[in-house]
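Hello,

Here is the structure I promised to pass on. Please open it first, then read the notes below.

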Amino acid sequence: MLNNLKPQAPDKILALMEEYRADERDQKVDLGVGVYKNAEGETPIMRAIHKAEKQVWDQETTKKYAGLAGQPEFHAAMAEMVLGKGYPADRLACLSTVGGTGACRMGFELARIANPGTKIWVSDPTWPNHLSILKFMDQDFTTYRYFDSETRSVDFDAMMEDLKGAKEGDIVLLHGCCHNPTGANLTLEQWGKVADLLKETGAVPMIDLAYQGFGDGLEADAAGTRLIAERLPEVLIAASCSKNFGIYRERTGCLMVLGSEETKKTVQGNLAYLNRQTYSFPPYHGQALVTRVLTDPELRADWEAELEEVRTGMLELRQQLADELRKLSNSDRFDFVAEHRGMFSRLGATPEQVAAMKEGNAIYMVGDSRINIAGLNKNSVPLLARALIDAGV
């Protein structure tokens with residue numbers, strides 16, 4: 001049997017990480033992996049999470065199975081964070097998942113059960129794992145134009161033109177904020193136009209919200225998602241706790257499904273069924289930490305304060321890089337770096353230029369020139385800026 005297996009292509013980002021580790025040069029910069037890092041290059045445990053973990057450890061008395069669909073208190077806390085106070089609980093079904101990736105996978109699976117002929121519409125470009133999962137599932141999908149490589153901004157007219165082709169029951173996958181890999185986001189006005197178009201076509205939005213709090217703030221980053229949830233009868237939301245709570249290895253996520261009061265029970269039953277068929281009970285520990293942080297006023301205040309420090313720190317790095325590039329290039333062609341939001345920006349370098357910067361400058365980024373802003377610090381920003389100019393970007 002095992003002789004029938006074929007080698008799988010290695011994950012490009014994970015392969016890049018291995019190359020970076022093997023590089024013995026002292027002055028090297030890792031801008032590939034999508035993990036937040038502080039100025040010292042570390043991914044710290046957030047203060048509130050550290051405190052919550054101690055509390056959970058002191059008070060936990062059992063390791064028995066928890067809920068098949070996850071913990072209701074976790075679902076309620078996440079729904080309030082994503083959808084706001086007064087969210088429509090009577091329309092909402094929730095599922096705890098193995099990270100945001102698990103939430104995306106379960107969302108795709110639910111859509112396929114509900115409509116076997118559904119097509120998934122995915123932005124071009126998007127997070128590569130979206131496409132990898134859909135291909136593995138043998139799920140029908142297509143792309144819609146999203147990013148203008150010349151202006152480094154959203155090509156909204158092209159996006160809307162393509163999405164006119166979505167049919168009733170199709171799924172349109174949208175990035176809630178901090179678009180990965182481009183960093184270019186829809187404005188709230190554009191979110192409204194997308195909502196109007198989806199209502200007209202009957203397509204169902206699925207929002208991947210992996211970076212709430214990393215862009216313009218907790219509330220602002222959820223504004224587009226909330227607008228869609230208010231205007232459309234059916235919405236899927238895949239929310240991740242990896243980045244904004246810094247609990248990557250706890251694999252904590254949540255799939256929220258908004259429908260009608262009449263369908264809620266059936267939807268909830270199908271969500272529990274999906275967990276049962278995949279891994280049965282979802283991880284509990286991350287749910288407990290997030291719930292405690294979101295429901296304890298003192299912990300929440302500390303978490304929000306640290307999250308704001310993280311967000312503004314990335315904005316400062318963006319501005320520093322844009323200023324340095326403006327100075328070196330004597331042009332404003334890199335100003336988009338300061339306008340983008342979240343951890344990522346696509347710089348517009350060719351694969352050959354990316355390879356040259358890795359070889360000559362020990363600067364590691366994904367082949368499409370997506371960089372992780374959080375991989376920089378005030379000392380490495382000038383190194384990257386000089387490398388970009390020298391490479392002819």
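Start with a charge and a ring. The charged end of Lys28 sits over the ring of Tyr20. The distance from that charged end to the ring centre is 4.5 Å. Keep in mind that this is a predicted model.

Now the whole chain. The protein chain has 393 residues, and 53% of them count as buried. It holds 15 helices and 13 strands. Its C-alpha atoms fill a box of roughly 60 × 55 × 55 Å along the principal axes. What radius of gyration would a compact globule of 393 residues have? The figure would be near 21 Å, and the protein chain has 21 Å, so the two agree.

Contacts reach far along the sequence. Take the contacts between residues at least 6 apart in sequence: 75% of them join residues at least 24 apart. The accessible surface comes to about 18,500 Å². Carbon and sulfur atoms account for 50% of that surface.

Next, the aromatic rings. How many aromatic pairs does a search of the whole structure find? The search finds 7. One of them is formed by Tyr65 and Phe281, and this pair is stacked. The ring centres are 4.4 Å apart, with 15° between the planes. Tyr65 lies in the loop between helix 2 (47-59) and helix 3 (72-83). Phe281 lies in the loop between helix 10 (264-278) and helix 11 (285-295). The pair therefore ties together parts that are 216 residues apart in sequence. Is each partner buried or exposed? Tyr65 is exposed, with a relative accessible area of 66%. Phe281 is partly exposed, at 27%.

Phe334 and Phe336 make a tilted pair. Here the centres are 6.4 Å apart and the planes are at 40°. Phe334 is buried, with a relative accessible area of 2%. Phe336 is buried too, at 5%. There is also an aromatic cluster, formed by Tyr36, Tyr211, Phe214 and Phe344.

On to the cysteines. How many disulfides are there? The count comes to 0. Cys94 is in no disulfide. The nearest cysteine sulfur to it belongs to Cys254, 4.5 Å away. A disulfide needs the two sulfur atoms within 2.5 Å, and the 4.5 Å at Cys94 is the distance to weigh against that cut-off. Cys94 counts as buried, at 4% relative accessibility. Cys241 is likewise in no disulfide. For Cys241, the nearest cysteine sulfur is again that of Cys254, at 7.5 Å. Cys241 is buried, with a relative accessible area of 0%.

Last, one helix to look at in detail. Helix 6 spans residues 156-163 and is mostly covered. Of its 8 residues, 6 are buried. Which ones are they? They are Phe156, Ala158, Met159, Met160, Asp162 and Leu163. What covers these buried residues? The cover includes strand 3 (120-124), strand 4 (141-145), strand 6 (153-154) and strand 7 (171-175). Helix 7 (188-201) is also part of that cover.

A good route through the model is to begin at the ring of Tyr20 with Lys28 over it. Go next to the stacked pair of Tyr65 and Phe281. Then finish at helix 6 and its buried residues.

Best wishes

Terms used: Residues numbered from 1 in each chain as written. Predicted model: local features only at pLDDT ≥ 70, side-chain atom pairs only at ≥ 80, totals over all residues. Heavy atoms only, no water. Buried < 20%, exposed > 50% of the residue type's maximum accessible area, 1.4 Å probe, protein only. Helix = DSSP H or I, 4+ residues; strand = E, 2+ residues; numbered from the N terminus. Contact = heavy atoms within 4.5 Å. Phe/Tyr/Trp six-rings, centres within 6.5 Å; stacked < 30°, edge-to-face > 60°. Lys NZ or Arg CZ within 6 Å of the ring centre and 35° of its normal. Rg over C-alpha atoms; globule rule 2.2 N^0.38 Å. Areas by Shrake-Rupley, 256 points an atom, 1.4 Å probe, with all protein chains shown as cover.
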